[in-house]
Amino acid sequence: MTLYESFKACAEANPQKTAMVFYGGRIKFSKLLEYVNRAANGLKEFVKKDDVVTLCVPNSPSAAIALYAVNKLGAIANLVHPLSKKDSVVDCMKKVGSKLLITYDQFEGKNDVDCNVLISDSSYFMSGIAGIYYRAAFRKKIGKYDKSKRFENLLRYPELIETQKPTRAAVYLPSGGSTGEPKIIMHSDEAFNRLCDHVEFFLSQPVKNYNAMYSVLPIFHGFGLCMNLHICMTKCFTSVMTLKFNAKSMTKAIKKEGVNILTGVPAMFTKLLACNEFLKADLSSIKDCFVGGDSAPQELVDRFNEVLKRGGSSAKLHVGYGLTETVTVCAVTNAKYDREGSAGYPLPGTRFCITDGHKKLGIGEVGELCIRTPIMMLGYYGTDESPIKMLDGEEWLFTGDLCYLDSDGYLFFKQRQKNMIKVSGVPVFPSEVENVVTKIDGVKNAAAIGIPDAQKGEVVKLFVEKADGVNDDELIARIKAECKDKLIVYAVPKQIVICTLPLNAIGKVDRKLLK
């Protein structure tokens with residue numbers, strides 16, 4: 001089945017169920033399906049089967065409509081970050097031969113991109129009051145644009161009946177660079193549908209007990225596209241959508257909509273823990289929480305679980321491991337499989353092994369994680385380069401991540417291989433330093449990198465983001481003392497910098513900007 005066909009089956013089986021809530025606006029599954037069919041008919045003027053359509057849009061009903069309409073036509077959705085600069089979007093479109101750009105009203109290059117452009121009115125599906133506020137608050141960013149190019153104009157077309165299937169790829173996703181330089185990853189419809197079919201593995205209760213998910217993760221990333229949008233649209237969950245994460249707004253939505261599932265990156269859960277409204281909220285509707293996209297410190301998991309319990313929820317914050325080459329998550333902790341410090345247990349049908357690059361290693365030995373799974377990329381766009389290699393007569397995906405497995409099959413993440421620091425020839429994993437430092441009172445976040453050293457080859461440089469009101473000198477003294485006490489001498493930072501840590505598009509610390 002295609003992405004569209006999976007969504008259609010869910011919508012036809014649950015026509016009166018609310019599919020999306022967006023700033024007070026509500027859309028039923030039957031109406032959303034109608035919108036997709038209408039938009040697909042309108043898009044026929046611009047694209048045909050196997051053409052590439054670039055989607056540069058934030059989370060919104062229009063983004064979902066565009067995705068499924070493109071898929072219905074058998075075209076390929078090329079997803080890029082909505083905050084990308086115009087030149088970056090244009091370069092990406094040229095690389096993949098995109099026929100059309102669908103963007104949104106705040107995109108800075110909407111009026112001067114030299115190609116076919118459709119512009120989404122972000123307020124279109126908001127309630128009346130919310131729409132008025134949005135247009136007033138962002139009128140300068142929205143500016144003027146040709147309303148004849150408004151994407152929502154396509155919703156006036158008659159519904160398109162026929163459905164095409166893409167020849168090969170359905171979605172292009174940008175890679176987070178887990179296996180090298182960032183690349184465009186090609187995925188089939190089947191990969192997304194298979195992952196969503198594992199929903200029972202993720203959840204602590206039967207699917208029928210769930211009503212709504214808070215969808216804040218961006219759709220240009222596999223985590224948000226599959227585990228927020230597509231899982232809601234195929235398993236009949238209401239998607240409570242937001243353009244941008246806000247802890248207070250999320251807290252209100254949890255109570256009003258009876259949200260059962262929260263997903264996010266560590267930075268999001270950290271912000272929730274700093275929000276007084278969330279700390280005091282009734283959280284009893286929450287059944288499951290999942291954090292991914294980056295390593296979550298055990299301290300964060302423990303603190304969040306305490307808040308959940310205090311708010312009346314029986315849920316726990318579960319962690320996962322994944323990469324864009326496998327759409328997103330391929331290992332997760334859950335109600336049945338949960339081990340402190342673990343990055344997760346493999347999904348059904350997925351196998352892990354650890355290798356030194358030539359042979360498989362034993363239990364507890366640190367090496368490169370390799371994966372065999374049916375939820376696998378088709379390849380990288382525009383290159384024959386591939387991380388999929390033969391090992392003992394089987395094809396495995398070499399992740400570039402240093403991990404180990406315990407005797408029960410749980411995965412333990414050590415570090416991205418390219419981030420490993422060698423001090424006097426001794427391997428130092430940045431995560432080991434960061435896990436010690438983030439537990440110190442007054443530290444909000446930390447990132448360790450290696451810098452050249454004439455005598456030792458490399459030494460550790462530590463960047464620390466502090467809490468408000470904390471004295472720099474006192475905090476640095478505490479960090480030095482704790483590191484000296486908890487870390488081997490090779491891992492103790494030689495330089496400590498207090499700063500605001502830069503984050504990339506999916507909320508991870510952008511280590512490329514740390515020097």
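**Surface patch, backbone conformation and a buried acidic residue**

A nonpolar patch on the surface is formed by Ile 488, Val 489 and Tyr 490, whose accessible area together amounts to about 290 Å². The model examined here is predicted. Within the patch, Tyr 490 lies in the loop that runs between helix H15 (472-486) and strand E26 (495-498). Tyr 490 has a relative accessible area of 34% and is therefore classed as partly exposed, since that class covers values between 20% and 50%.

Positive phi values were found at two residues other than glycine, Tyr 23 and Cys 236. For Tyr 23, phi is near 50 degrees. Tyr 23 is placed in the loop between strand E1 (18-22) and strand E2 (25-28), and its relative accessibility of 34% makes it partly exposed. For Cys 236, phi is near 65 degrees. This cysteine, Cys 236, occupies the loop between helix H9 (222-235) and strand E10 (238-241). Cys 236 is buried because its relative accessible area is 15%, and buried denotes a value under 20%.

A buried charged side chain is provided by Asp 288, which has no salt bridge. Asp 288 belongs to strand E12 (residues 288-291). The nearest side chain of opposite charge is that of Lys 287, at 7.9 Å from Asp 288, whereas a salt bridge requires a separation within 4 Å. When neighbours within four places in sequence are set aside, the contacts of Asp 288 comprise Phe 202, Leu 203, Ser 204, Tyr 210, Asn 260, Ile 261, Leu 262 and Ala 315.

Key
Residues numbered from 1 in each chain as written. Predicted model: local features only at pLDDT ≥ 70, side-chain atom pairs only at ≥ 80, totals over all residues. Heavy atoms only, no water. Patch = residues over 30% accessible without salt bridge, like charges linked within 9 Å, V, L, I, M, F, W, Y side chains within 5 Å. Areas by Shrake-Rupley, 256 points an atom, 1.4 Å probe, with all protein chains shown as cover. Helix = DSSP H or I, 4+ residues; strand = E, 2+ residues; numbered from the N terminus. Buried < 20%, exposed > 50% of the residue type's maximum accessible area, 1.4 Å probe, protein only. Lys, Arg positive; Asp, Glu negative; His and termini not counted. Contact = heavy atoms within 4.5 Å.
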